[in-house]
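Hi everyone, thanks for coming. I'd like to walk you through a structure that's new to most of us, so have a look at it first and then we'll go through it together.

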Amino acid sequence: ERFDMTFTNEKGTKERPYMLHRALFGSFERFIGVLIEHYAGAFPTWLAPEQVWILPISDKHIDYSNQVATKLRAANIRVVVKSESETIGKKIRLGETQKIPYLLVVGDKEIAADSVAVRQRGQGDLGAMKVDKFIEKITEEIKNKS
């Protein structure tokens, strides 16, 4: 009706066509594309699919890394333990190229102090932080959506 469209049917009379438009996923996909383009893949923490990577320095730090991950998951933080046998430098570089908001490095010093060494995307190394203090920091950031 808005375009005042008509056609001539087989009987020679004018008729208005019916048009159905349905784009359930098309509009959603366009929206996701706009988000990815806008943030250039560096999503804010609240939107990032993986908010935190825990990077154990060696295999003997994996158990503690899993304990930290359990605490983070209990606080509804999306976390992945990167337990591959790669160097810590390579894990950090990969996390930075993947644009992960927080990288937590875990070694002997961190286990002894019940802490994690925090690296924030765009800020670099923030130093050692108690696990509970980090959970407080990231949940506050997510709550404020900054």
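Let's start with a single residue: where is the place of Asn 76? Asn 76 sits in the loop between α2 (62-74) and β4 (79-81). Keep in mind that what we have on screen is a predicted model. Asn 76 is exposed, because its relative accessibility is 67% and the bar for exposed is over 50%. And here's a relation you wouldn't get from the sequence: Asn 76 and Ile 135 are 59 residues apart along the chain, while in space their C-alpha atoms are 9.8 Å apart.

Okay, let's zoom out. How many helices and strands does the chain have? The secondary structure comes to five helices and seven strands. Going from the N terminus, the order is β-β-α-β-α-β-α-β-α-β-β-α. Now, the radius of gyration is 25 Å, well over the 15 Å that the globule rule gives for 146 residues, so the chain is more spread out than a compact globule. You can see that in the dimensions too: along its principal axes, the C-alpha trace spans about 90 × 30 × 25 Å.

A few more overall values. Of the 146 residues, 32% count as buried. The accessible surface comes to about 10100 Å², and carbon and sulfur atoms account for 55% of that. If you take the contacts with a separation of 6 or more, 54% of them are between residues 24 or more positions apart.

Next stop, helix α3, which covers residues 88-97. Which residues are buried there? They're Lys 91, Ile 92 and Gly 95. Looking down the axis of α3, those buried residues fall within an arc of 100°, so they line one face of the helix. As a reminder, an α-helix has 3.6 residues a turn, so residues three or four places apart point the same way. What do the buried residues of α3 pack against? The answer is three strands: β3 (52-56), β5 (102-106) and β6 (115-120). Turn to the face away from the buried side and you find the exposed residues Arg 93 and Thr 97. After α3 comes Lys 99, and its phi is positive, near 60°.

Staying in this part of the chain, let's look at Lys 82, in the loop between β4 and α3. Is Lys 82 buried or exposed? Lys 82 counts as buried, because its relative accessibility is 15% and buried means under 20%. Leaving aside neighbours within four places in sequence, Lys 82 is in contact with Trp 53, Ile 54, Leu 55, Pro 56 and Lys 91. We've already met Lys 91, as one of the buried residues of α3.

Lys 82 also brings us to the salt bridges. How many are there? The count comes to six, and I'll show you some of them. One joins the side chains of Lys 82 and Glu 84, at 3.6 Å from N to O. Its acidic partner, Glu 84, is partly exposed, with a relative accessible area of 40%.

Another salt bridge links Glu 86 and Lys 90, with N to O at 3.5 Å. Glu 86 is partly exposed at 40% relative accessible area, and Lys 90 counts as partly exposed too, at 43%.

Then there's the one between Lys 143 and Glu 140, where N to O is 3.7 Å. Why are these two about one helical turn apart? It's because they are three residues apart in helix α5, which runs over residues 131-144. Lys 143 is exposed, with a relative accessible area of 60%, whereas Glu 140 is partly exposed at 37%.

Last thing, the surface. Which residues make the nonpolar patch of about 380 Å²? That's Phe 28, Phe 31, Ile 32 and Ile 36. Ile 36 lies in helix α1, residues 24-39, and counts as partly exposed, with 43% relative accessibility.

That's the tour. If you'd like to go back to one spot, I'd pick Lys 82: a buried lysine, in a loop, with its side chain in a salt bridge to Glu 84. Thanks, and over to you for questions.

Definitions and conventions. Residues are numbered from 1 along each chain as its sequence is written. This is a predicted model: local features need pLDDT of at least 70, side-chain atom pairs count only at pLDDT 80 or more; totals for chains, interfaces and linings use all residues. Side-chain values use heavy atoms; hydrogens and water are left out. Patches are made of residues with over 30% relative accessible area and no salt bridge: like charges are joined within 9 Å, nonpolar side chains (Val, Leu, Ile, Met, Phe, Trp, Tyr) within 5 Å. Accessible areas come from the Shrake-Rupley method with a 1.4 Å probe; for residues, only the protein chains shown count as cover. A salt bridge is a side-chain nitrogen of Lys or Arg within 4 Å of a carboxyl oxygen of Asp or Glu. Helices (H or I, at least four residues) and strands (E, at least two) are DSSP runs, numbered from the N terminus. Buried means under 20% relative accessible area, exposed over 50%, partly exposed in between (1.4 Å probe, protein chains only). The radius of gyration is taken over C-alpha atoms; the globule rule is 2.2 Å times the number of residues to the power 0.38. Contact means heavy atoms within 4.5 Å. The arc is that of the directions from the helix axis to the C-beta atoms.
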